[in-house]
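Hi everyone, thanks for making time. I'd like to walk you through a structure that's new to most of you, so pull it up on your screens and follow along.

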Amino acid sequence: FLDHFTYFTDPDPTHGTVQYVNRSAADALSLIALGPPTILAADATHISPAGRASLRITSRTSYSSGTLFLFDIAHMPAGCGTWPAVWLLGPDWPNGGEVDVLEGVHLAAENQVTLHTAAGCAVDAAAQVQTGTTVGSNCESPGVDNAGCGVRGGSGSYGAAFNGAGGGVYATEWAADAIRVWFFPRAGLPSGVSAALAGNNTAAVPSAWGAPLAHFPLGSACSPDHFRDMQIVVDLTFCGDWAGPTYGPGCTGGYGDAACQNFVINNPQSFKEAYWSFNSIRTFKVRNGEHFESISISLHNASS
């Protein structure tokens with residue numbers, strides 16, 4: 001599983017209170033456990049004046065339109081100061097596009113799916129067919145506060161509630177006409193999704209899964225060429241551009257980025273729940289119209 005990813009070790013572009021580490025440093029700090037499931041954790045042992053040790057991994061493979069991604073997640077990072085994400089990232093940001101599949105901060109109970117693009121991409125709300133709630137229509141980044149165009153999921157799609165229900169599966173379809181993201185709680189996996197996760201070259205048919213959580217039509221309002229050559233990214237940062245200024249409600253030590261940094265640096269025991277647990281990540285390529293066939297059985301078993 002992890003052989004298909006590289007480790008990002010540069011300073012956090014979102015200015016988090018974090019030190020992204022490589023595989024050898026992660027092993028020395030016991031931040032990785034091989035499964036299945038595969039665990040990717042932040043350091044929950046040491047006071048960290050230079051930022052809490054954590055992981056940001058990027059797939060070696062770049063993907064194109066006509067790809068379906070299934071992220072089977074048993075546990076995600078949660079708690080004050082945290083800012084975890086599973087996302088797709090194109091080259092030369094924001095020109096290659098970004099799709100934030102699973103993202104939020106602190107004690108949130110709802111996921112926010114977000115697109116970030118170059119200029120000239122907006123959401124046509126009248127054309128959206130989805131179960132989530134649109135919270136922004138201009139996808140351009142940086143834009144206003146670099147917010148992008150987002151869709152918020154319901155309670156239980158993120159954080160402690162997500163973990164308490166055994167996690168679930170996030171499915172992302174990148175097609176010529178739209179980007180769609182579904183969330184399936186563990187107790188409500190459609191049989192077709194379970195079969196696709198099981199392998200055996202089972203085809204996946206998203207058109208049978210009902211309305212997605214988030215639907216971003218591609219066309220006159222946002223041309224498909226805003227997204228290209230995207231890679232899978234999984235990370236966990238702390239504070240920074242989003243979690244810093246929003247720190248406070250429900251958390252200890254005050255409000256704002258300074259309070260967030262102080263909490264993250266000095267309270268390692270508060271980050272016992274700051275870890276990812278992946279059962280698998282599977283990718284599929286479109287064949288015969290709406291049917292997607294597996295292209296990455298090697299990513300199925302999250303065990304190396």
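**A walk through the model**

Let's start with some rings: F1, F5, W276 and F278 are linked by ring pairs into a cluster. Before I go on, keep in mind that this is a predicted model.

While we're talking about rings, look for F8. The charged end of R56 sits over the F8 ring, 4.2 Å from its centre.

So how many aromatic pairs are there by the rule we used? The count comes to 15. I'll show you two of them. One is W83 with W242, an edge-to-face pair with 5.9 Å centre to centre and 80 degrees between the planes. W83 lies in strand 8, which covers residues 82–89, and W242 lies in helix 4, so this pair ties together parts that are 159 residues apart in sequence. Are the two partners buried or exposed? W83 is buried, with a relative accessible area of 8%. W242 has 29% relative accessibility, so it counts as partly exposed.

The other pair I picked is F238 with F271. Again we have an edge-to-face pair, here with 5.3 Å centre to centre and 80 degrees between the planes. F238 belongs to strand 16, while F271 is in the loop between helix 5 and strand 17, so parts 33 residues apart in sequence are tied together. Both F238 and F271 are buried.

**The open sheet**

Now zoom out to the strands. There's an open sheet here made of 8 strands, and if you read across it the order is 1-6-16-8-9-10-12-11, with antiparallel pairing. What sits at the edges? That would be strand 1, residues 5–7, and strand 11, residues 133–134, each pairing on one side only. As a general reminder, strands of a sheet pair through backbone hydrogen bonds, parallel or antiparallel.

Let's step through part of that order. Strand 6, residues 56–59, runs antiparallel to strand 16, and 3 bridges join the two. If you want a place to click, T58 has V233 of strand 16 as its bridge partner. Strand 16 also pairs with strand 8, in the antiparallel sense, over 8 bridges. On the other pairing I'd like to show, strand 8 and strand 9 are antiparallel too, over 5 bridges. V86 is a handy marker for both: V86 stands opposite V234 in strand 16, and opposite L102 in strand 9.

Stay with strand 8 for a moment. Of its 8 residues, 8 are buried, so strand 8 is largely enclosed by the rest of the structure. You can see that on both faces: T82, P84, V86 and L88 are buried on one side, and W83, A85, W87 and L89 are buried on the other.

**The largest pocket**

That brings us to empty space. The largest pocket has a volume of about 640 Å³. Its lining has 28 residues, and the ones nearest its centre are T14, W83, E103, H116 and N146. You'll recognise W83 from the aromatic pair with W242. Which elements give two or more residues to that lining? They are strands 8, 9, 10, 12 and 16, plus helix 4. Strand 8 gives the largest share, with 4 residues.

**Helix 5 and two buried residues**

Next, helix 5, residues 257–266. Here A259, C260, F263, V264 and I265 are buried. And what do the buried residues of helix 5 pack against? They pack against strand 5, strand 16 and helix 4.

Last stop: two single residues. S277 is found in strand 17, and at 5% relative accessibility it counts as buried. Setting aside neighbours within four places in sequence, S277 is in contact with P37, T38, I39, D72, I73, A74 and H75.

The other one is H215, in strand 15, residues 214–217. H215 is buried, with a relative accessible area of 9%. Leaving out neighbours within four places in sequence again, the contacts of H215 are A127, Q128, V129, Q130, A178, I179 and R180.

That's the tour. Happy to go back to any of these spots.

Notes. Residues are numbered from 1 along each chain as its sequence is written. This is a predicted model: local features need pLDDT of at least 70, side-chain atom pairs count only at pLDDT 80 or more; totals for chains, interfaces and linings use all residues. Side-chain values use heavy atoms; hydrogens and water are left out. Buried means under 20% relative accessible area, exposed over 50%, partly exposed in between (1.4 Å probe, protein chains only). Contact means heavy atoms within 4.5 Å. Two strands pair if DSSP finds at least two bridges between them. Rings of Phe, Tyr and Trp (its six-membered ring) pair if their centres lie within 6.5 Å; planes under 30 degrees apart count as stacked, over 60 as edge-to-face and the rest as tilted. A charge sits over a ring if NZ of Lys or CZ of Arg is within 6 Å of the ring centre and within 35 degrees of the ring normal. On a 1 Å grid over the protein atoms alone, a cavity is a set of points where a 1.4 Å probe fits but cannot get out, and a pocket is an open set with protein on both sides within 12 Å along at least five of seven lines; lining residues have an atom within 4 Å of a point. Grid points are joined across faces, edges and corners, and a volume is the space filled by probe spheres set on the points.
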